[in-house]
Amino acid sequence: MSKPASATRCAVAGTATATLTLTLGLAAAMPAAAADDGLDEVLVVGKTLGFRHSHIDETTHALIDLGAEHGFDVDVWDPPNDSGGWWGPGSPGQPDLTMDSTPFTSAADLAQYDSIVFVSPVDNTNSLDPAQPRLLDDAELTALEGYVHDGGGVVGIHAATDTMHTSGWFTQLIGGGARFANHPQQQTATMRVENPSHPSMQGVPLEWERWDEWYNYTLNPRGDVHVLQTIDESTYQGGTMGEDHPIAWCQNFEGGRSWHQGAGHVDEAWSDPVFLTSVLRGVQWTAGTVSGGGDCVTWSEVDALVEELPSDTARDRVAISQLDRRLDDAQQAADAGNASKAVRILRPTAALAGALVRDDASAETLKAKVSDLIEWQQGLVDAGL
């Protein structure tokens with residue numbers, strides 16, 4: 001298979017188009033709000049053992065307000081503590097809102113939540129010192145792992161990549177292996193949508209100029225995650241990741257779903273209806289109450305399904321070879337920015353999976369994922385990207 005794409009997909013639509021979209025009323029372009037969007041209960045984690053972002057309180061209240069509007073309850077875990085350091089005294093938490101004790105007791109207890117939202121819960125583990133206390137201890141992390149494996153949804157906001165640095169599993173869950181590295185001063189920059197047909201990106205400007213704090217990461221997670229937005233480093237100072245700088249992404253992960261938005265540091269983000277609706281739809285996607293845009297499929301995810309196919313017979317090996325070749329050709333077309341060609345290759349590939357793979361369950365799973373690839377790439381065609 002070819003390597004994951006490394007070049008940023010830039011929107012063909014120019015600044016004039018983005019400005020027109022903005023001025024014609026983005027709220028009208030967003031998915032319609034409903035009194036009940038399928039969510040029942042969401043857990044917000046704002047606990048910090050390190051630097052505390054001011055937006056944690058703003059984000060928490062914004063999510064509570066969204067719950068009141070859309071018919072879901074919000075529990076908050078953000079206890080005060082004395083974990084002081086270079087950043088100052090311990091965290092004040094949100095004592096009027098927080099639960100009395102940790103909700104991370106077991107996967108069964110966490111199952112009441114449709115999604116768990118980690119809101120910049122920095123824990124000062126970026127030194128990678130295993131003796132440094134983590135946001136979640138071993139028992140709490142085990143509960144979260146079980147929750148995800150049972151199909152649970154997880155959302156990471158802004159500095160959710162700056163916590164649990166010593167847990168490789170959590171780093172993969174939130175960032176596809178990417179952790180917070182550093183950031184320049186807050187400034188205006190341009191975010192670019194890569195998948196406008198994903199529910200969380202519908203109605204978001206293809207080119208969105210915003211003031212925020214822009215994170216650099218320890219690695220580029222593309223390939224392990226489905227990139228939703230990048231940030232254009234030519235539009236600001238201090239980016240270190242080059243032409244391909246993902247800032248928002250999602251993934252299907254070990255039976256569950258995760259969605260991440262690296263923006264959101266500034267308090268003003270949490271009164272912006274476009275930003276808020278995007279986050280809400282990200283939460284809903286992790287909970288499985290909305291779908292679309294290929295549902296965060298990745299090429300590596302489909303490749304792994306092909307690798308797992310039985311290879312006992314000559315027919316099996318022919319099937320794997322044919323599927324490998326077609327998927328490789330489709331990915332090369334997609335990486336080159338030719339989504340329409342990728343769609344033309346993928347359509348017969350889905351049928352081929354059903355015809356050549358002898359295990360019915362494997363065939364249906366593979367066909368469904370190839371169909372997700374088609375939906376993703378067709379959405380790019382429809383958007384002119």
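In which loop does T98 lie? This report answers that question after a short account of the whole protein, which is a predicted model.

## The protein as a whole

The protein contains eleven helices and eleven strands. A compact globule of 385 residues would have a radius of gyration near 21 Å, and the protein agrees with this because its own value is 21 Å. Along the principal axes, the C-alpha atoms occupy a box of roughly 65 × 50 × 45 Å.

Of the 385 residues, 56% are buried. Contacts between residues at least 6 apart in sequence were also examined, and 75% of them join residues at least 24 apart. The accessible surface amounts to about 15,300 Å², and carbon and sulfur atoms account for 50% of that surface. The protein carries 21 positive and 55 negative charges, and the mean positions of these two sets are 13 Å apart.

## The disulfide

One disulfide is found in a search of the whole structure. A disulfide is a covalent bond between the sulfur atoms of two cysteines. Here the partners are C250 and C296, with 1.9 Å between their sulfur atoms. The two cysteines are 46 residues apart, and the pair links distant parts of the chain. C250 belongs to strand β10, which covers residues 246–253, whereas C296 is located in the loop between α7 (273–287) and α8 (299–307). The link is left-handed, with -95° about the S-S bond. C250 and C296 are both buried.

## The surroundings of T98

The loop that holds T98 runs between β2 (73–77) and α4 (107–110). T98 has a relative accessible area of 15%, which is under the 20% cut-off, and therefore counts as buried. When neighbours within four places in sequence are set aside, T98 is in contact with V76, W77, D78 and P79. E140 is 42 residues from T98 along the chain, and the C-alpha atoms of these two residues are separated by 17 Å.

## Separations of two residue pairs

The table sets out the disulfide pair and the pair formed by T98 and E140.

| Pair | Separation along the chain | Distance in space |
|---|---|---|
| C250 and C296 | 46 residues | 1.9 Å between sulfur atoms |
| T98 and E140 | 42 residues | 17 Å between C-alpha atoms |

In summary, T98 is a buried residue in the loop between β2 and α4, and the disulfide of the protein joins C250 and C296.

Methods
Residues are numbered from 1 along each chain as its sequence is written. This is a predicted model: local features need pLDDT of at least 70, side-chain atom pairs count only at pLDDT 80 or more; totals for chains, interfaces and linings use all residues. Side-chain values use heavy atoms; hydrogens and water are left out. Helices (H or I, at least four residues) and strands (E, at least two) are DSSP runs, numbered from the N terminus. The radius of gyration is taken over C-alpha atoms; the globule rule is 2.2 Å times the number of residues to the power 0.38. Buried means under 20% relative accessible area, exposed over 50%, partly exposed in between (1.4 Å probe, protein chains only). Contact means heavy atoms within 4.5 Å. Accessible areas come from the Shrake-Rupley method with a 1.4 Å probe; for residues, only the protein chains shown count as cover. Lys and Arg count as positive and Asp and Glu as negative; His and the chain ends are not counted. The place of a charge is taken as NZ of Lys, CZ of Arg, CG of Asp or CD of Glu. A disulfide is a pair of cysteine sulfur atoms within 2.5 Å.
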